[in-house]
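Work through the exercises below with the coordinates open. Each task is followed by a stepwise solution.

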Amino acid sequence: HGIQTPVYRIEGGFDDISMDLYRLPDFINPLTSATASPCFITKDPMLRIGDGVLASQQIVLIWETNSGIHRPGILWGWEPDSLIVSDDSIKITTTMIDDCHFVHKAIIDFSHSLAEKLRKMNADHDVSSAITPRPVKMELFYSIECGFVQSKVFSYHFQTDIEKRLGFRMLAISDHHKESHYLRHLLMDAVELHPEMIVSVGDVVSQAFSLDQWHSFFWQPFSADRLVQTLPMILVPGNHDANHPI
């Protein structure tokens, strides 16, 4: 491709070894070309609960791609066909596991948008603002981007004013680091009970450094039927998990 002269040369001398360094053209340079190193979403996003007093009006997304070069992005909204691109207020942090595994984390704070949405709903139904609001079932849609690749559109169901509710249903599970097929069936049965949250109290894997175990015992079974793409999860690491970056 017209590259004939090395930009730098090292001669090995007595060892009779030489090394030539060449400058890559832009069309195959991953630092300057978006098409040279395509980005793939290797793990669909998982939902986590936010922190602090606005936890009920925030949702945390965690997902994985094969590239750390392309800037990840988020689209979200209240209608699946009118998602908006996230602005700079949504900070995305990235943890590099190895050369092919990059885990991204972002927080969607929908408190202001939700307040505006509820005001519009009340106006449409001629509801006075003086009336004490009751919990309302809501659905938030979201998708993630990596380079030119966009994920499916997922939906997160929740209720407003959860502190005013009398009951709350969650799925609690632990020590699921051996029988992934059993966990898959257990989760399928649990969905029939319509939990609003999943809590895992640890020992997700037997060996924290094994990416295969994280895939088989964690990502794969919990992503079946879009379970953790629609329900938030709280994960408390156990001694087997060893506070792994994932």
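**Exercise 1. Overall make-up**

Task: For this predicted model, find what share of the contacts with a separation of 6 or more links residues 24 or more positions apart. Then give the helix and strand counts and the buried share.

Solution:
- Step 1. Take the contacts with a separation of 6 or more; residues 24 or more positions apart account for 66% of them.
- Step 2. Count the secondary structure: the protein has four helices and 14 strands.
- Step 3. Assess burial: 37% of the 246 residues count as buried.

**Exercise 2. The setting of Thr65**

Task: Is Thr65 buried or exposed, and which side chain does its own side chain meet in a polar contact?

Solution:
- Step 1. Locate the residue: Thr65 belongs to strand S4, which covers residues 58–65.
- Step 2. Check accessibility. The relative accessible area of Thr65 is 0%, so Thr65 is buried. The cut-off for buried is under 20%.
- Step 3. List the neighbours, leaving out residues up to four places away in sequence. Thr65 touches Cys39, Phe40, Ile41, Thr42, Cys100, His101, Phe102, His104 and Cys146.
- Step 4. Look for polar partners. The side chains of Thr65 and His104 make a polar contact at 2.7 Å.

**Exercise 3. Aromatic pairs**

Task: How many aromatic pairs does a search of the whole structure find? Classify the pair formed by Trp76 and Trp78.

Solution:
- Step 1. Run the search: nine aromatic pairs turn up in the whole structure.
- Step 2. Take Trp76 and Trp78. Their ring centres are 6.3 Å apart, with 80 degrees between the planes.
- Step 3. Apply the angle rule. Planes over 60 degrees apart count as edge-to-face, so the Trp76 and Trp78 pair is edge-to-face.
- Step 4. Add burial: Trp76 and Trp78 are both buried.
- Step 5. Extend the set. Trp76 and Trp78 join Phe110, Tyr156 and Phe158 in one aromatic cluster.

**Exercise 4. The cavity and its lining**

Task: Which residues line the largest cavity, and which helix gives the largest share of the lining?

Solution:
- Step 1. Count: there is one cavity of 30 Å³ or more. The volume of the largest cavity is about 30 Å³.
- Step 2. Read off the lining: Arg184, Leu187, Met188, Val191, Pro221, Ala224, Asp225 and Leu227.
- Step 3. Assign the lining to elements. Helix H2 (residues 180–191) supplies the largest share, four residues.
- Step 4. Sort by type: six lining residues are nonpolar, none polar and two charged.
- Step 5. Follow Pro221, which is among the buried residues of helix H3 (residues 211–223). Just after H3, Asp225 has a positive phi of about 60 degrees.

Note on methods:
Residues are numbered from 1 along each chain as its sequence is written. This is a predicted model: local features need pLDDT of at least 70, side-chain atom pairs count only at pLDDT 80 or more; totals for chains, interfaces and linings use all residues. Side-chain values use heavy atoms; hydrogens and water are left out. Helices (H or I, at least four residues) and strands (E, at least two) are DSSP runs, numbered from the N terminus. Buried means under 20% relative accessible area, exposed over 50%, partly exposed in between (1.4 Å probe, protein chains only). A polar contact is a pair of N or O atoms within 3.5 Å; within protein, one must be able to donate a hydrogen and the other to accept it, and residues adjacent in sequence count only if both atoms are side-chain atoms. Contact means heavy atoms within 4.5 Å. Rings of Phe, Tyr and Trp (its six-membered ring) pair if their centres lie within 6.5 Å; planes under 30 degrees apart count as stacked, over 60 as edge-to-face and the rest as tilted. On a 1 Å grid over the protein atoms alone, a cavity is a set of points where a 1.4 Å probe fits but cannot get out, and a pocket is an open set with protein on both sides within 12 Å along at least five of seven lines; lining residues have an atom within 4 Å of a point. Grid points are joined across faces, edges and corners, and a volume is the space filled by probe spheres set on the points. Ala, Val, Leu, Ile, Met, Phe, Trp, Tyr, Cys and Pro count as nonpolar, Asp, Glu, Lys and Arg as charged, and the others, Gly among them, as polar.
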